[in-house]
Amino acid sequence: QADDDYETPLSGVTTLSAGLTVTFIANTANTDGCTLEITEVGDVDAILKMHDQALVTGDIEAGQVVVCVFDGTNWQMTSQLAQ
């Protein structure tokens, strides 16, 4: 993955639906706004904080457990910000 493009497999998921929750461990810190791709779906969508704000540098640290919920359009990060 690039610094700001996170990707994770999720067996059995072929489409994204609102309410889908994904937990992953970031292997890099973010340096700007981020996206999340579920490998099997291939769709890349923004990760937002506070439901509608782009992430900024340092919101995700390498090794951090990140929890995101799909809202039908974007991923909303529900885990604690690293900063």
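## Exercises on a predicted seven-strand chain

With 83 residues, a compact globule would have a radius of gyration near 12 Å, and this chain has 11 Å, which agrees. Keep in mind that you're working with a predicted model.

### Exercise 1: The overall picture

Work out which secondary structure elements the chain has and how far its C-alpha trace spans.

*Solution.*
- Step 1: Count the elements. You should get zero helices and seven strands.
- Step 2: Read them off from the N terminus, and the pattern is β-β-β-β-β-β-β.
- Step 3: Lay the C-alpha trace along its principal axes. The spans are about 30 × 25 × 15 Å.
- Step 4: Look at the outside. The accessible surface comes to about 4400 Å², and 50% of it belongs to carbon and sulfur atoms.
- Step 5: Now the inside: 36% of the 83 residues count as buried.
- Step 6: Take the contacts between residues at least 6 apart in sequence. Of these, 64% join residues at least 24 apart.

### Exercise 2: Into the core

Find which residues of the largest nonpolar core touch the most other members, and which strands each supply at least two of its residues.

*Solution.*
- Step 1: The core has 18 residues, and Tyr 6, Phe 24, Leu 36, Ile 47, Ile 60, Cys 68 and Trp 75 touch the most other members.
- Step 2: Check the strands. At least two core residues come from each of β2 (21–25), β3 (34–38), β6 (65–70) and β7 (75–77).
- Step 3: Zoom in on Leu 36. Skip its neighbours within four places in sequence, and its contacts include Tyr 6, Phe 24, Ile 47, Cys 68 and Trp 75. Val 22 and Val 44 are also among the contacts of Leu 36, as are Asp 43 and Asp 45.

### Exercise 3: A pair of rings

How are the rings of Tyr 6 and Phe 24 arranged?

*Solution.*
- Step 1: Count the aromatic pairs in the model; there are two.
- Step 2: For Tyr 6 and Phe 24, the ring centres are 5.4 Å apart and the planes meet at 40 degrees, so this pair is tilted. The reasoning is that planes under 30 degrees apart would be stacked and those over 60 edge-to-face, with the rest called tilted.
- Step 3: Place the partners. Tyr 6 sits in strand β1 and Phe 24 in strand β2, 18 residues apart, so the pair links distant parts of the chain.
- Step 4: Check burial, and you'll see that both Tyr 6 and Phe 24 are buried.

### Exercise 4: Two polar residues

Decide for Lys 49 and for Ser 79 whether the residue is buried or exposed, then look for its partners.

*Solution.*
- Step 1: Lys 49 lies in strand β4. Its relative accessible area is 12%, and the cut-off for buried is under 20%, so Lys 49 is buried.
- Step 2: Follow the side chain of Lys 49 to a polar contact with the side chain of Asp 59, at 3.0 Å.
- Step 3: Beyond residues up to four places away in sequence, Lys 49 touches Ala 54, Leu 55, Val 56, Asp 59 and Leu 81.
- Step 4: Ser 79 is in the segment after β7. With a relative accessible area of 15%, Ser 79 is buried too.
- Step 5: A polar atom of the Ser 79 side chain lies 3.1 Å from the backbone nitrogen of Val 67.
- Step 6: Leave out the neighbours of Ser 79 within four places in sequence, and its contacts are Gln 64, Val 65, Val 66 and Val 67.

### Exercise 5: Out in the loops

Where do Met 50, His 51, Pro 9 and Ser 11 lie, and what can you say about each?

*Solution.*
- Step 1: Met 50 is in the loop between β4 (44–49) and β5 (53–54), and that loop also holds His 51.
- Step 2: Check phi. Met 50 has a value near 45 degrees, and His 51 has one near 65 degrees. Most residues other than glycine have a negative phi.
- Step 3: At a relative accessible area of 57%, Met 50 is exposed.
- Step 4: Pro 9 is in the loop between β1 and β2, and at 54% relative accessibility it counts as exposed. Pro 9 contacts Thr 39 and Glu 40, leaving aside neighbours within four places in sequence.
- Step 5: Ser 11 lies in the loop between β1 (5–8) and β2. Its relative accessible area is 70%, so Ser 11 is exposed.
- Step 6: Finish with a distance: the C-alpha atoms of Ser 11 and Gly 63 are 22 Å apart in space, with their positions 52 residues apart in sequence.

Notes. Residues are numbered from 1 along each chain as its sequence is written. This is a predicted model: local features need pLDDT of at least 70, side-chain atom pairs count only at pLDDT 80 or more; totals for chains, interfaces and linings use all residues. Side-chain values use heavy atoms; hydrogens and water are left out. A nonpolar core is a set of buried Ala, Val, Leu, Ile, Met, Phe, Trp, Tyr and Cys residues joined through side-chain atoms within 4.5 Å. Buried means under 20% relative accessible area, exposed over 50%, partly exposed in between (1.4 Å probe, protein chains only). Helices (H or I, at least four residues) and strands (E, at least two) are DSSP runs, numbered from the N terminus. Contact means heavy atoms within 4.5 Å. The radius of gyration is taken over C-alpha atoms; the globule rule is 2.2 Å times the number of residues to the power 0.38. Accessible areas come from the Shrake-Rupley method with a 1.4 Å probe; for residues, only the protein chains shown count as cover. A polar contact is a pair of N or O atoms within 3.5 Å; within protein, one must be able to donate a hydrogen and the other to accept it, and residues adjacent in sequence count only if both atoms are side-chain atoms. Rings of Phe, Tyr and Trp (its six-membered ring) pair if their centres lie within 6.5 Å; planes under 30 degrees apart count as stacked, over 60 as edge-to-face and the rest as tilted.
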